[in-house]
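Reader: I would like to learn how to read a helical structure feature by feature, with the general idea given before each case. Could we begin with the terms and then turn to the residues?

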Amino acid sequence: NALNILLYVLYCDGDKDVATSNSVCRAITTLCEHANIVLHYPCEKQGVFYICTAVRNSFRNPIFCCHAINCIVNFVKKNPTHRQYIITDQYNQKLIKLTMDALELYRYAANHTKNVHCQKVQIAGCLALQNIAAHPIGQKLIGPAGVEVLLDTFVAHIDDDAVVTASLSALLNICVSSSNANAFLECEGLTFMNTFLDNEETPSKCRLLVCKIIHNMSCDPFLSRKLIDEYTEDSEVVIMRLLAYAEYGTELYLAILRLLRTLLQEINKNKLEFMKDLLEQNMVQMLIDALEFDYAIKAHERLANNNGKYKKLIMNIYDHIIIVLNQYYATNDEMCVAFVTDETENDTGSWIPAILISMARCYQGSAAHMVWEIFKLFDRLTDNNVVMQKRLIEGGITNLLLQTPWFSQRVLDPSAVKLGGNIILKLLQSYPYHKKIWMVQNDIPNVRKFIQFIRTNHPNYETTAKNIERQLKYIG
């Protein structure tokens, strides 16, 4: 019953004495550090209101204010009961406004005599709002006004990594709400982020938070269109600056790819221009460089003892790069298609389909979804295109399809088997054009094995199996 006793002290005029209320807030902060224990012994709902008075009294001094706001941070952290008390009671909701007032009152100023304590108030206030915003009602109560306050904190303390991290963490939770995210855009949030990302000393943790904030916006159809249509230049700059400072094989690199994957869905005229702008700024070239980069997976796993975590991360990165390449090819735009299919269009002179064939061979058994994405691209490339088919055969596609057990992977999507069957069928149908480069007789036994595999494991694709078998008869 310790929390109720402490809150009762505030009720019994303890809130009128600054020293007493400060001591009570520090005691509550200490008790609530043990979140798992406090979760089982919450205070009474009406007691929360007395914290409001303690916070209000603390405004006379930044040291006391820091202690009072820290009390809210721990009081709510990992405690849905206490959070519910604040967001569902009209009197307790005043804590949210008081927290925002504290952020504005003790924002950093160069001539302030107690800058260290002002910094602590900012961090505590951001963390308190972050914890409250873990619930949708909390996001709504904080609202656009809270977004503006946090952006002001971010700008005022842009050189302070601790405050910046706290403000971005709060914005990440708060901007899950569409209206709050829209307020972020209208308050020039992207402009502030671009300035911040341009500094090479910006920590990767902060870059990751920025990326996640923008990714959440891209998941909302309205905001995604707004990013492309109204904030085109800012969005392009954010992506390029994120990529420019992202190391290969990191969570940040994967987060950027997730952002791209989401943002580039549902192609329209404006989005196509957006994609072409990124192409001209070498964004896709960076992704091709990543495909060819040596991540030294085995060595990294051995040194870090990650039990496959790093390898899973790398496979996820590869997978997302190929998804983005698919999105570019699917535009049917001459410029976008040429980059994927013409090696003279990229800086390294690498023919992308050949890289993908090599990857599909190397990572069988550990990247089933990636193989599926590769086959989606190859299915499009081989459609009514004998010249491209010939290049793919020379690049090793028949070796991949007919001399490796790609189709027997346990977690392979069944539609990947159908895609592979479609590619084999189209190559067989065009065999008269490929006689000089494809010794098909050597592959016929493996074609028959594939047909049998379909009939045994995927009877829904019997039509594909019959069509392949018919082509074999024509070839003789």
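Author: Helices here are DSSP runs of H or I with at least four residues, numbered from the N terminus. With that numbering, M217 is found in helix α13, and what follows concerns a predicted model.

Reader: Is M217 buried or exposed?

Author: The general idea is that a residue under 20% relative accessible area is called buried, one over 50% exposed, and one in between partly exposed. M217, with a relative accessible area of 0%, is buried. Leaving aside residues up to four places away in sequence, M217 touches A181, F184, L185, L223, S224 and L227.

Reader: How far apart are M217 and C71 in space and in sequence?

Author: From C-alpha to C-alpha, M217 and C71 are 31 Å apart, and their positions lie 146 residues apart in the sense that they are 146 residues apart in sequence.

Reader: Let us stay with helix α13; at what angle do α13 and α16 cross?

Author: The angle is taken between the N-to-C directions of the two fitted axes, and an angle under 35 degrees counts as roughly parallel. The axes of α13 (residues 204-218) and α16 (residues 251-263) come within 9 Å and cross at roughly 15 degrees, and α13 and α16 are therefore roughly parallel to each other. The crossing of α13 and α16 is left-handed. On the α13 side, the contact is made by S204, R207, L208, C211, I214, H215 and S218, and on the α16 side by E251, L252, A255, I256, R258, L259, T262 and L263. Sorted by class, this contact of α13 with α16 has eight nonpolar, four polar and three charged residues.

Reader: Which residues make the contact between α20 and α23, and how do the axes of α20 and α23 cross?

Author: Taking the axes before the residues, those of helix α20 (residues 309-330) and helix α23 (residues 368-381) come within 9 Å and cross at roughly 20 degrees. The two helices, α20 and α23, are therefore roughly parallel to each other, and their crossing is left-handed. From α20, the contact draws on Y318, D319, I322, I323, N326, Y329 and A330, while α23 supplies H369, M370, E373, I374, K376, L377, R380 and L381. By class, the contact of α20 with α23 has nine nonpolar, two polar and four charged residues.

Reader: Turning from pairs of helices to a single one, how many residues of helix α18 are buried?

Author: The same kind of reading, residue by residue, can be applied to a whole helix. Seven of the 10 residues of α18 (residues 283-292) are buried, so this helix is largely enclosed by the rest of the structure. The buried residues of α18 are M283, V284, Q285, L287, I288, A290 and L291, and what covers them includes α15 (232-244), α16, α17, α20, α21 and α22.

Reader: Where does T331 lie, and which residues does T331 touch?

Author: T331 lies in the loop between α20 and α21, and at 15% relative accessibility T331 counts as buried. Not counting residues up to four places away in sequence, T331 touches I267, L272, M275 and C336.

Reader: How many salt bridges does a search of the whole structure find?

Author: The general idea is a side-chain nitrogen of Lys or Arg within 4 Å of a carboxyl oxygen of Asp or Glu, and a search of the whole structure finds 10 salt bridges. One of them joins E343 and R391, at 3.1 Å from N to O. E343 lies in the loop between α21 (334-341) and α22 (352-362) and R391 in helix α24 (residues 386-394), so the pair ties together parts that are 48 residues apart in sequence. E343 is partly exposed, with a relative accessible area of 22%, and R391, at 28% relative accessibility, also counts as partly exposed.

Reader: Where do E273 and K276 lie?

Author: E273 and K276 both lie in helix α17 (residues 269-280), three residues apart, which is about one turn of the helix. E273 forms a salt bridge with K276, and the closest N and O atoms are 3.9 Å apart. E273 is partly exposed, with a relative accessible area of 39%, whereas K276, at 17% relative accessibility, counts as buried.

Reader: What about E462 and R455?

Author: The side chains of E462 and R455 meet in a salt bridge at 3.1 Å, N to O. E462 is partly exposed, with a relative accessible area of 24%, and R455 is partly exposed, with a relative accessible area of 29%. Elsewhere, salt bridges that share partners join E273, K276 and D333 into one network.

How values were computed: Residues are numbered from 1 along each chain as its sequence is written. This is a predicted model: local features need pLDDT of at least 70, side-chain atom pairs count only at pLDDT 80 or more; totals for chains, interfaces and linings use all residues. Side-chain values use heavy atoms; hydrogens and water are left out. Axes are lines fitted to C-alpha atoms, for helices over the stretch in contact, and angles run from 0 to 180 degrees between N-to-C directions. Angles under 35 degrees count as roughly parallel, over 145 as roughly antiparallel, 65 to 115 as roughly perpendicular and the rest as oblique. A crossing is left-handed if the near helix is turned anticlockwise from the far one by less than a right angle, and right-handed if clockwise. Contact means heavy atoms within 4.5 Å. Ala, Val, Leu, Ile, Met, Phe, Trp, Tyr, Cys and Pro count as nonpolar, Asp, Glu, Lys and Arg as charged, and the others, Gly among them, as polar. Buried means under 20% relative accessible area, exposed over 50%, partly exposed in between (1.4 Å probe, protein chains only).
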